[in-house]
Amino acid sequence: MIKTFVFIEGGDNPFALSGQEASDQIRSILPHIAGYIQTKAHGESPFSGCAELYFRSPEAADLVSLVELATLVPASATIAASVSGMHRIVMRVPTFFSSEKIKGVYPFFRKPGMLVGDFQDHWWHTHGPIAALTEDALAYYQTHPMVSTYGSSAPDFDGVTEIYWPDMESAEAAVASRQMTEDQASDAQTFVDLDRLTLFFGLEEIIIAP
């Protein structure tokens, strides 16, 4: 599955529509869309939210650049950045779909000077198993931009991590835990540009289940 993140700035509510109206609107813009989730930021955040679009092929995802997505956001909000790539499920527990949850969204950049292939290989094969042990996590996803997209200009981010927890208390405890501050942090410094790391927590509205 190919996933495209569209990061939004401004507005108390980053989305102009919800529910069936949002579903009808996104299908009218992108008839081949395979899933659509609207995530609103919870608490302090550099973004007010992100639209998450799923596609079954890179060719279908490429159509996002050809359509007008501004109708998804109100006049008080703007589209700030986007990134598209291979959506990979590293870990997901059986109760994920039946649980209330909050998620952390981490759009980030690779360490300066690191080759894209080396970065993605380390993130998937080395860091993935470490991050999959995040305390009380319900799921952990990675979205890797296609290497072929690194041409004359790079994607807005080198990757996006998503980690889900049952509630905000669990998320805050996990972020402060030894597993994240030591195990994950010590590995992250080998492949992540820590000076440009972004994190926000969000609440999902599933418009079209992927």
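**A closed barrel, its cavity and its pockets**

A search of the whole structure finds one cavity of 30 Å³ or more, and about 30 Å³ of space lies in this largest cavity. The residues that line the cavity are V6, I8, A51, L69, L72, V73 and I79, and by class the lining has seven nonpolar residues, with no polar and no charged ones. The model in which this cavity is found is a predicted one, and the protein chain averages a pLDDT of 94, with 100% of the residues scoring at least 70. Within the chain, the confidence is lowest in α2, where the mean is 88, and highest in β7, where it reaches 98.

The strands can be followed around a closed barrel of eight, in the order β1-β3-β2-β8-β5-β7-β6-β4, with antiparallel pairing. From one strand to the next, the twist averages 35 degrees. A convenient place to enter the barrel is the pairing of strand β2 (residues 35-42) with strand β3 (residues 49-55), which run antiparallel and are joined by six bridges. In this pairing T39 of β2 stands opposite C50 in β3. The hairpin of these two strands has six residues between them, and G43 takes a positive phi near 85 degrees there.

In the barrel order β2 is followed by β8, and these two strands pair in the antiparallel sense over seven bridges, with H42 standing opposite F201 in β8. Strand β8 (residues 200-208) also pairs with β5, again in the antiparallel sense, over three bridges; here V105 stands opposite F200 in β8. The neighbouring residues F200 and F201 of β8 therefore stand opposite residues of two strands, V105 in the one case and H42 in the other.Helix α3 (116-131) lies across β4, β5, β6 (139-145) and β7, and runs at about 175 degrees to β6.

Which part of the structure gives the most to the lining of the largest pocket? This pocket has a volume of about 490 Å³ and is lined by 21 residues, of which A61, S65, S82, V83 and S84 lie nearest its centre. At least two lining residues come from each of β1 (2-9), α2 (58-62) and β4 (78-92), and it is β4 that gives the most, with four residues. By class, the lining of the largest pocket holds 12 nonpolar, seven polar and two charged residues.

The second largest pocket, with a volume of about 370 Å³, is lined by 19 residues, and Y106, H127, Q184, A188 and L197 are those that lie nearest its centre. Here β5 (102-108), α3 (116-131), β7 (159-165) and α5 (178-188) each supply at least two residues of the lining, with α5 giving the most, at five residues. The lining of the second largest pocket has 15 nonpolar and four polar residues, but no charged residues. Two of the elements that contribute to this pocket, β5 and β7, are strands of the closed barrel, and α3, which also contributes, is the helix that lies across both of them.

Conventions
Residues are numbered from 1 along each chain as its sequence is written. This is a predicted model: local features need pLDDT of at least 70, side-chain atom pairs count only at pLDDT 80 or more; totals for chains, interfaces and linings use all residues. Side-chain values use heavy atoms; hydrogens and water are left out. On a 1 Å grid over the protein atoms alone, a cavity is a set of points where a 1.4 Å probe fits but cannot get out, and a pocket is an open set with protein on both sides within 12 Å along at least five of seven lines; lining residues have an atom within 4 Å of a point. Grid points are joined across faces, edges and corners, and a volume is the space filled by probe spheres set on the points. Ala, Val, Leu, Ile, Met, Phe, Trp, Tyr, Cys and Pro count as nonpolar, Asp, Glu, Lys and Arg as charged, and the others, Gly among them, as polar. Two strands pair if DSSP finds at least two bridges between them. Axes are lines fitted to C-alpha atoms, for helices over the stretch in contact, and angles run from 0 to 180 degrees between N-to-C directions. Contact means heavy atoms within 4.5 Å. pLDDT is the predictor's confidence in each residue, from 0 to 100.
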